[in-house]
Amino acid sequence: MITDYTSRKNEILAAYERFENHIHTLTLIAREAELPDPTEQLMASLKDAQQKAESIRADRFRLMIAGEAKSGKSTFINAYLGVELLPMDVKQCTSSIIEIKYGERLKLNSTYADGRTESIDDEVAVRRFLKENAALNDEWRDIPVPTINHEILVKAGLRGRGKGREIHIPEGDIKDLLAAPEVQAANIHNIVDYDAKIRRYIKEKKDNWKNIVTKIEIFFPFKDELKGIEIIDSPGVCARGGVAEITSSYIEKANAIIFLKPISGQALESSQFNEFLKNASVERNREALFLVLTRATNVTPAELNLLKEEAHKQFSTGILKKRNIIIVDSKAELYVNRFGYEENVQGQILLLNAEGTLDDFVKSIWFDAMGDKSAFLDGLRQKSRFDLINEALSTFGRKAHYIAFSELLGVISKVYNRVLGDLQFQIDMLCQKAEDPIELGRKIEDIKEELENIKYKMNVGVDEIVNSYSGEFSPIKEKAEFAVENFKKKVTSIDPDSAKAFEELERHSFQKIEEFKLLQKDLQHEVVEKCNKLLVALSDANIIPYTSLEPDFSEETFRQIKETTEKSSVETRSYEEGLTFKETKTHSVYSQPKHFGNVKNNISERLRRIQNDLIGNLEDFIVNVGAQYMSELKKNFDKKISELEAIKKAKMDAERIQAIVGQLEDLRAAFSIAISENNKLNGGIKKYEQPNRLQ
């Protein structure tokens with residue numbers, strides 16, 4: 001029932017669930033992106049929305065049912081709930097409020113006047129309790145029993161409880177009750193012994209006051225759309241419409257109040273309902289008050305509008321609006337519920353007719369439907385007119401609920417709008433911060449290529465350069481050997497007998513030593529230049545240990561060589577002595593050519609040693625230079641690795657930022673769509689908040 005309200009409620013809760021998911025997603029994105037949480041400043045609004053949603057989700061629609069005696073309240077309640085829960089032949093309970101609520105299983109809790117409670121969870125026992133307990137006999141229907149029970153019997157019983165004697169009811173209390181205008185006005189049938197009848201009721205019931213049932217709670221597993229409905233079946237207004245104090249408290253809390261009055265032909269008597277309207281609680285809640293005239297099948301369709309007009313004129317037109325007067329037939333709605341689940345409708349109709357329990361209007365509708373179940377049910381619904389009840393309650397009775405819907409949507413939209421501004425700011429900031437992932441990807445590939453090149457130089461390049469200057473046929477040895485051979489060649493051309501032979505030898509010797517020095521220097525620079533060109537340019541060229549060739553050879557050295565070799569530079573010559581007898585003798589004679597040869601050989605040996613020193617020095621230099629360049633390459637490699645990791649991280653950050661921006665933009669779009677949808681939804685709900693627009 002009230003499917004329109006249930007639909008709106010589900011839409012509102014779905015909107016809130018989307019809102020919760022959006023906020024949760026936003027919080028996760030902000031946390032992952034290490035961004036300020038936009039919801040921190042909105043915690044009060046978020047909590048407010050949560051509380052409003054919880055209230056809507058667990059809402060209770062309190063529907064108060066009041067009416068005259070024999071007005072068919074039980075039949076109406078069963079028809080409204082779509083289940084025959086209350087025994088429809090039960091007599092009216094005295095002073096008892098019946099609350100019908102959703103429960104997972106059928107259960108009844110009863111409260112008695114002395115505070116006792118009883119719980120029953122057996123269906124048969126529940127129905128038996130409703131029939132047998134606290135029943136009001138027809139004998140007492142013309143006196144205000146609920147008022148007598150509440151004001152006299154229960155109060156007196158509670159005062160005397162625990163004193164070990166019968167309850168005492170002061171005569172003054174009884175006289176005050178009898179003199180009360182409401183009680184006197186309730187004597188609508190002008191009973192002669194009215195006061196005496198009230199006294200007899202008090203006398204008969206006072207010793208059994210504890211068993212007066214004051215409240216009954218019935219729990220039943222209704223359909224989903226009825227889970228939030230609470231039906232309050234009041235004890236009735238008895239004779240003239242007086243409302244007991246306990247009933248008043250329920251009226252104040254009710255979302256809607258239905259006063260049932262059966263149609264009796266076209267004659268409408270208004271005194272009881274008008275008296276009901278005079279109650280202060282009813283007056284405060286008059287917007288949610290509905291007069292429901294039952295047993296509509298007793299009149300023709302043409303008479304319905306006339307009845308509604310007449311009722312509007314009679315029943316306090318200044319208080320009750322015409323739209324709040326509804327004519328229905330509960331029995332017709334019960335037949336809708338019964339036959340709606342019946343497969344063999346015709347068989348059931350025949351069975352009920354044979355039992356004598358089938359109403360004549362049902363036969364007529366079945367005949368007109370010509371055996372078509374759908375047409376038959378439509379005919380019954382037209383007779384029941386219960387769609388008017390649902391529409392009225394959904395439109396006007398749930399005003400407070402629709403306001404709550406609108407308020408929740410307002411809070412949600414407020415948060416959405418606040419967050420949208422923050423989202424745009426964060427998106428703009430992230431876009432400024434983010435680099436182009438594609439460009440960073442190119443940089444990564446370039447660095448990887450550089451790393452491969454450095455690895456090649458470390459693994460191959462350094463060794464190639466070092467090896468190129470080592471071994472038997474290295475340029476170092478070739479050039480050194482060439483220098484020595486060139487020296488030999490040049491000094492060979494000197495005439496050893498020449499007066500300037502030694503001077504020429506000395507000059508060539510010093511010249512060759514200088515050539516050796518220059519050769520070492522040139523080869524060192526050649527190696528470094530090649531390393532710089534083929535390997536890497538050193539970040540600090542001063543780390544290369546350049547050395548100079550410093551041979552132990554000076555003018556003094558040359559003089560000493562000349563002196564030490566002079567003594568051994570002699571030749572043995574023969575000569576003859578005597579005139580007749582000649583004798584051949586020998587003697588040593590200094591030989592400059594020999595001396596020159598000895599000095600030349602000595603210097604050549606020294607140059608050979610200098611040559612070896614040159615080769616050794618340069619080979620050590622090359623090995624050392626290779627180590628320095630290997631170290632530099634390693635530094636460059638590590639630097640490039642760091643750069644690669646940094647760019648990889650930058651790329652990951654850029655991609656992450658790009659992904660976060662995409663997520664935030666998607667969320668922003670979702671927020672905008674949600675705001676638009678909520679505005680449309682709220683616009684549809686607003687019409688239910690203004691029930692006064694219809695008369």
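I looked up strand 1 (residues 61-67) and strand 7 (residues 256-262) in this predicted model. The two strands run parallel, joined by 5 bridges. Strands here are DSSP runs of E, at least two residues, and helices are runs of H or I, at least four, numbered from the N terminus. I count two strands as paired if DSSP finds at least two bridges between them.

I then checked positions. Met64 stands opposite Ile257 in strand 7. Gly67 stands opposite Leu260 in strand 7.

Next I turned to strand 6 (residues 229-233). Strand 1 pairs with strand 6 in the parallel sense, over 5 bridges. Leu63 has Ile231 of strand 6 as its bridge partner.

How many of strand 1's residues are buried? I found 6 of 7, so defined by under 20% relative accessible area (exposed is over 50%, partly exposed in between; 1.4 Å probe, protein chains only).

I went on to the whole sheet. It is open, has 9 strands with mixed pairing, and follows the order 4-3-5-2-6-1-7-8-9. Strand 4 (117-120) and strand 9 (325-327) are the edge strands, each pairing on one side only. Neighbouring strands are turned by 20° against each other on average, direction ignored.

Last, I looked at helix 12 (residues 301-314). Helix 12 packs on the sheet and touches strand 8 (289-294) and strand 9; contact means heavy atoms within 4.5 Å. Its direction makes about 150° with that of strand 9. Axes are lines fitted to C-alpha atoms, for helices over the stretch in contact, with angles from 0 to 180 degrees between N-to-C directions.

Notes on the numbers: residues count from 1 along each chain as its sequence is written, and side-chain values use heavy atoms, without hydrogens and water. Local features need pLDDT of at least 70, side-chain atom pairs count only at pLDDT 80 or more, and totals for chains, interfaces and linings use all residues.
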